[in-house]
Structure formats: C-alpha cells, structure tokens
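Biologist: Hi! Could you walk me through this protein?
Modeller: Happy to. Here it is.
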Amino acid sequence: MKQARSDQRLTDGLQTVMNNFFEQAMCQALGDRISCEIFRVSQIAMMLVDRRMSIVAVNPAFTRTTGYDFYEVMGENPRKLSSGIHDRLFYETLWQSLLDQGSWSGEIWNRRKNGEIYPEHLRIDAIRNAQGEVTHYVGMFTDITNEKGMQKRLQNLAFHDTLTGLPNRAYLKQRVNELLGEVNSGSALLFVDIDNFKRVNDELGHSFGDEILRIVANRLQAAVRQSDVVCRLGGDEFVIVLPDLTDVARTEAIAGKILTQLQSPITSGDHEIGLTASIGISFYPKDGEDFESLFQYADVALYDAKGMGKNGYSLYRREMSTTFRNRLALEKDLRLAIEGGLIDVFYQPKLNLVRGRVSGFEALARWHHPEHGWIGPNVFIPIAEDAGMIDSLAEHVIRRAVRQVRDWSLQARFPYEVAVNISSKQFRTGGVVHLMQDIVNVEGFPPEQVEIEVTESQLMENSRQSQTIIEALKSLGMHIAIDDFGTGYSSLGYLKQFHVDRLKIDKVFVQDIGTPGNDEELCDVILSIGNTLGIKVTAEGVEKREQFDFFSQRRCDELQGYYIARPLPWDQFGPDGSFNTGVQQ
C-alpha cells in the first residue's frame with residue numbers, strides 16, 4: 001500500500017514538472033508575461049499553432065475541455081482532435097476563410113481524449129508579425145454540448161449526412177448488416193455515382209453543386225419503395241439497399257427508373273442542367289454475405305458501367321473482379337511510367353500539299369509496358385483522366401515534343417510545326433493556358449509553331465469559357481485546330497466565334513472515299529467551308545492512293561495518315577526530321 005502511494009506521488013510529481021516545463025514554453029511562445037497570464041487564466045479553451053500546423057501552446061481550459069494535458073499535444077497537428085464527422089469540403093472552406101479573411105468562426109464537432117465526440121464553438125485567427133506575415137494561428141473554443149442537446153444531435157450527425165439529411169455510410173454499414181439478418185430471401189445493393197459531377201462544382205460553383213445533390217437525394221428516394229434505404233456516402237456517391245429483392249428484372253427496372261428520374265432537367269436560378277449516372281449492382285447472398293463484400297462488388301460493377309460509356313447500370317459478375325484488379329494494376333504502372341518519364345512520344349508527319357513537303361508533326365503519346373508490350377492510347381488515356389494523371393501526362397508529352405521538333409527545325413533550317421492534343425479537363429479548367437505559357441518561356445519554342453488540337457465537343461461544353469481560353473492561347477501566338485471535324489456540332493456560327501486556324505476532317509469520312517456513299521460530298525463541303533472562311537483544312541486518316549489523289553486534286557492544305565507516314569519514334573527520323581517511309585517530301 002505504501003509503495004502504491006509512493007508511486008502515485010512520483011507520477012503526480014513528474015506530471016507537475018512536465019506541466020511547469022510546458023507552461024514555460026507556452027509563455028515563451030506567447031512572447032510576454034501579460035499575454036501568458038491571460039492565456040493561462042481564461043475560461044475559454046485556447047490553442048496556439050505555428051505555421052507548420054504544430055501545437056505550441058494550450059491553456060488549462062483546453063485540458064479541461066479535451067482531456068489532453070500540455071505534454072500530450074505539444075508538437076501535434078490539431079487534427080488530433082478531429083471527430084471524423086466533417087468532410088474535406090468543410091475544412092477546405094474553413095482554410096479558405098483563414099487565407100482570405102484571416103479568421104474563421106463556427107460550430108465544429110471534435111473528439112476528446114476519451115473518444116467522446118462533442119460540439120464546440122470555435123474561432124480561429126491568424127497572428128501576423130510587423131511585416132504582415134502569418135506566424136501563428138490561435139484557436140479559441142467553448143464546449144456547447146448543453147446548448148445543442150448533444151446526445152440527440154450527435155446521433156443524428158453520426159448517422160446522417162448534414163447536406164441531404166440522408167443516412168450516411170456509418171448508418172448504412174450498421175443497417176445493412178441488420179437487414180441481412182432479417183430478410184428471408186435476399187437483397188440488392190445499388191451503388192449510384194453521378195457522372196462528371198466535378199464539372200458542376202468547377203463550372204457552376206459548390207453552392208449550386210450542393211443544391212443539385214439535395215435534389216438528387218429527393219429523386220432517389222422518390223424512385224424506390226418506402227422500405228428501401230437510400231444513403232449518401234459523400235461527394236456524388238449514393239447507395240440504395242433494396243431489402244427482400246433478388247429478382248434481377250425488378251432490380252433492373254428500378255435502376256432504369258433511377259436513371260430516368262435523374263435525367264429530368266434541374267433548374268436552379270439561371271442554370272438548367274441534366275444529369276446522368278452510373279450504377280453498379282450486387283445481390284445478397286449470391287455475390288456477398290456482408291456489407292463490405294456487397295459494397296466492394298457493387299463498386300466493381302459501377303466501374304464496369306462507367307467503362308461502357310456511363311449513363312447505365314451493370315450487374316456484378318465474378319469476372320469483373322479480375323478486370324478491376326487488372327485495371328488498378330495498370331493504373332499503378334501508368335503512374336510510375338509518367339513519374340519516371342517513361343511514356344514515349346511518337347511523331348506523325350503532316351504533308352503540306354501547297355509547299356509539297358512535310359511542314360510539321362503531330363505529337364502522340366505511346367506506352368510500352370514492360371510486361372504487356374505496347375498499350376494503346378485508347379486504353380491508357382482514359383485511365384490517366386480518371387486517375388487524375390492527365391495533366392502530368394500531357395505536360396510530359398508536350399515538353400518532349402517541342403524540344404525534339406525545335407531541334408529538327410534548327411537542323412532543317414525550316415520552321416516545323418508541332419500539333420499537340422489537349423484533354424477535356426485541361427481545356428475546361430484553363431490549365432492549358434498556364435502550361436503553354438510556361439513552355440514558351442522555359443523551352444524557348446516559337447509559339448507560332450505550336451498548333452493545339454481541340455474537339456468540337458470540348459469547345460461547346462461551355463462556349464463562353466472556351467472562347468476566353470482560345471483567345472488566351474492565340475494571344476500567345478499559337479494556332480488552334482478543331483480535331484475530328486464533322487463528327488460533332490459542325491456549326492458555322494462557332495467557327496466564326498472561335499476564330500480557329502484549322503479544321504481536321506475526321507478519318508471516318510476519309511476512309512470510304514472511292515466507295516459508294518456520300519463521304520466525298522461531305523469532304524467537299526468541309527473543304528468549301530474552310531475556303532470560304534479562310535480556315536486551313538487537314539485530311540487525317542489518309543491511307544490509300546485514291547484518298548491522296550482526291551484531296552490533292554481539291555487542293556486540300558494538308559494530309560496526314562499512314563499513306564504519308566505512320567507515327568514514328570524520334571530515332572526513326574533523320575537529324576532534320578526527314579524520314580524514309582510513305583510519300584516523300
């Protein structure tokens with residue numbers, strides 16, 4: 001007994017020494033004695049954080065509120081207190097307020113040392129030095145458990161989404177496992193993902209996006225039975241559980257009803273938008289016997305639905321898991337290839353019929369996988385876009401291409417042009433403007449020798465924004481070409497609006513020249529449009545002599561295709577860009 005009391009006194013003594021030590025460190029961080037005393041005796045919990053987001057001081061009220069003593073949080077990141085209730089957008093908004101206004105205040109849910117989640121009113125202020133630089137952040141908070149009726153609200157927040165009011169993932173996992181024990185036959189789980197929803201937030205703002213998500217939640221509930229469970233996982237992802245339903249035809253009918261409901265135009269303020277979704281479906285007990293398995297397999301089926309063009313649904317099949325795993329492995333390998341600069345750039349020459357020689361090259365990404373060999377861009381480009389790697393991939397290709405074509409131009413003493421392709425994401429966000437400006441500055445490549453290829457659909461996604469981006473690119477001195485012309489809108493109005501420099505006749509019209517049909521007439525029309533508006537025309541996909549002769553006779557400006565030359569790696573060209581295949585210059 002005496003030994004126990006002695007040990008306790010030793011422990012208390014050590015803790016007192018540690019608290020005194022950290023209290024001295026706190027006073028040193030605050031800078032003066034008066035500030036330290038105010039900090040120490042305040043009944044409001046206070047926390048001082050440096051620019052590296054490390055806690056450097058807390059007061060006794062902080063310890064009373066959170067349960068953490070000084071020495072337990074010193075040097076830690078404030079997220080040690082995070083409850084896990086708030087999503088990433090909540091914290092992004094908080095930090096944006098701090099950056100823009102120097103302060104943020106509001107209600108937040110945090111977690112005490114004992115694991116208890118509690119509500120608090122928090123105010124954060126930036127502290128600046130004499131030069132106006134932020135040196136610290138101070139957070140002041142009070143526990144508002146009693147004001148909010150913690151138990152009731154905590155239960156609601158812990159199991160419901162604050163934006164839509166729908167049950168969340170925590171509720172879903174708990175409820176599904178309960179349902180699986182109650183149902184007599186089986187159940188279906190539908191994983192619903194809104195297609196291209198990020199564009200709504202990027203182009204119309206998060207407030208409009210939040211309103212859309214609330215409307216989507218209501219439509220999903222209206223599309224199913226009262227006994228069904230609709231949950232929001234976060235972002236644009238929802239899960240629907242259909243208890244006691246194993247009939248495939250009825251499940252597919254519900255999935256079709258959901259897709260139809262979502263496609264009905266949504267109007268909010270000055271905006272009107274139509275949505276599509278992709279749905280993955282799994283069944284209990286056929287596909288899985290617990291929530292995690294059913295959710296995983298529905299996710300795999302969702303990936304399959306997106307791969308088929310979106311705006312549809314897929315039922316899970318065992319072979320999908322292999323495809324999904326292969327895709328994840330390929331995504332990992334592609335990331336390593338991009339980071340390591342292992343993506344090849346091939347160059348397809350373009351023959352200028354007016355000059356009678358090759359005038360430039362289109363740069364094309366190619367990937368040789370160490371195990372699988374050559375993987376086509378139709379496979380790895382969508383993977384790069386879905387995984388957020390497309391910007392890095394494009395920058396790698398464009399930088400390597402302009403350096404190579406610059407060297408060829410110097411050797412040939414002829415200003416070759418280089419044509420580069422831009423992803424929808426790069427064009428939509430305007431990232432291409434910053435990238436090309438940097439390339440002009442860093443690589444020293446003449447901007448008038450750069451041709452940026454965009455598709456008609458990219459231009460028309462947001463015509464006003466597209467016009468701004470094109471004007472910015474043209475102000476750099478670059479040229480704009482519309483790729484795959486004739487397969488999209490093909491409006492004379494937008495050709496005049498965007499002031500493009502070149503039309504590229506899509507190969508679907510070129511490949512059937514010389515065979516019965518009206519493709520020759522369509523090509524004549526496009527050539528006439530270009531001639532009337534003063535826009536150059538390139539025919540791509542020229543693979544046969546009769547196609548070459550057709551466009552030569554009609555004085556098409558430029559030809560591109562296998563008949564001229566296939567896309568080739570740089571080492572198959574001469575030092576000046578000359579080559580020995582196809583039609584010679």
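Biologist: Of the contacts with a separation of 6 or more, what share is between residues 24 or more positions apart?
Modeller: Residues 24 or more positions apart account for 61% of those contacts. Keep in mind that this is a predicted model.

Biologist: Okay! How many helices and strands does the protein have?
Modeller: There are 23 helices and 22 strands. Of the 585 residues in the protein, buried ones make up 47%.

Biologist: Let's pick one helix. What is the span of α11, end to end?
Modeller: Helix α11 covers residues 248-263, and its end C-alpha atoms are 23 Å apart. With 16 residues at 1.5 Å a residue, α11 should span 22 Å, so the two values agree.

Biologist: And which residues of α11 are buried?
Modeller: They are T251, I254, A255, I258, L259 and L262. Looking down the axis of α11, the buried residues fall within an arc of 140°, so they line one face of the helix. On the other side, A249 and T260 are exposed.

Biologist: What covers that buried face?
Modeller: The cover for the buried residues of α11 includes strands β6 (187-194), β8 (237-243), β11 (277-284) and β12 (312-315), plus helix α10 (206-223).

Biologist: Which residue caps the N-terminal end of α11?
Modeller: That's D247. One of its side-chain oxygens lies 3.2 Å from the backbone nitrogen of A249. A249 is also one of the exposed residues we just met.

Biologist: Switching topic: where does S82 sit?
Modeller: S82 is in the loop between α4 (70-73) and α5 (88-101).

Biologist: How exposed is S82 there?
Modeller: S82 has a relative accessible area of 27%, so it counts as partly exposed.

Biologist: What does S82 touch, leaving out residues up to four places away in sequence?
Modeller: S82 touches Y91, N110 and R111. Take R111: it is 29 residues from S82 in sequence, but their C-alpha atoms are 5.8 Å apart in space. There is also a link to G84, whose backbone nitrogen lies 3.3 Å from a polar atom of the S82 side chain.

Biologist: R111 falls in strand β3 (residues 103-111), right at the end of that range. Which way do β3 and β4 run, parallel or antiparallel?
Modeller: Antiparallel: nine bridges join β3 to β4 (residues 117-128). As an example, S103 stands opposite D125 in β4.

Biologist: What lies between β3 and β4?
Modeller: Five residues lie between them, and the two strands form a hairpin. In the turn, G115 has a positive phi of about 95°.

Biologist: Now cysteines. How many disulfides are there?
Modeller: A search of the whole structure finds zero.

Biologist: Remind me, what is a disulfide?
Modeller: A disulfide is a covalent bond between the sulfur atoms of two cysteines.

Biologist: Then why does C556 not bond with C523?
Modeller: The closest cysteine sulfur to that of C556 is in C523, but it is 8.8 Å away, so that is too far for a bond.

Biologist: Is C556 buried or exposed?
Modeller: C556 is buried, because its relative accessibility is 1%. C231 counts as buried too, at 0%.

Biologist: Last one: where is E540?
Modeller: E540 is in strand β20 (residues 536-540). Its relative accessibility is 11%, so E540 counts as buried.

Biologist: Which residues does E540 touch, again not counting those up to four places away in sequence?
Modeller: E540 touches D483, D484, K504, I505, D506, K507, V510 and Q560.

Technical notes:
Residues numbered from 1 in each chain as written. Predicted model: local features only at pLDDT ≥ 70, side-chain atom pairs only at ≥ 80, totals over all residues. Heavy atoms only, no water. Helix = DSSP H or I, 4+ residues; strand = E, 2+ residues; numbered from the N terminus. Buried < 20%, exposed > 50% of the residue type's maximum accessible area, 1.4 Å probe, protein only. Contact = heavy atoms within 4.5 Å. Polar contact = N/O pair within 3.5 Å; in protein donor to acceptor, adjacent residues only side chain to side chain. Pairing = 2+ DSSP bridges. Disulfide = S-S within 2.5 Å. Expected span 1.5 Å × (residues − 1). Arc of directions from axis to C-beta.
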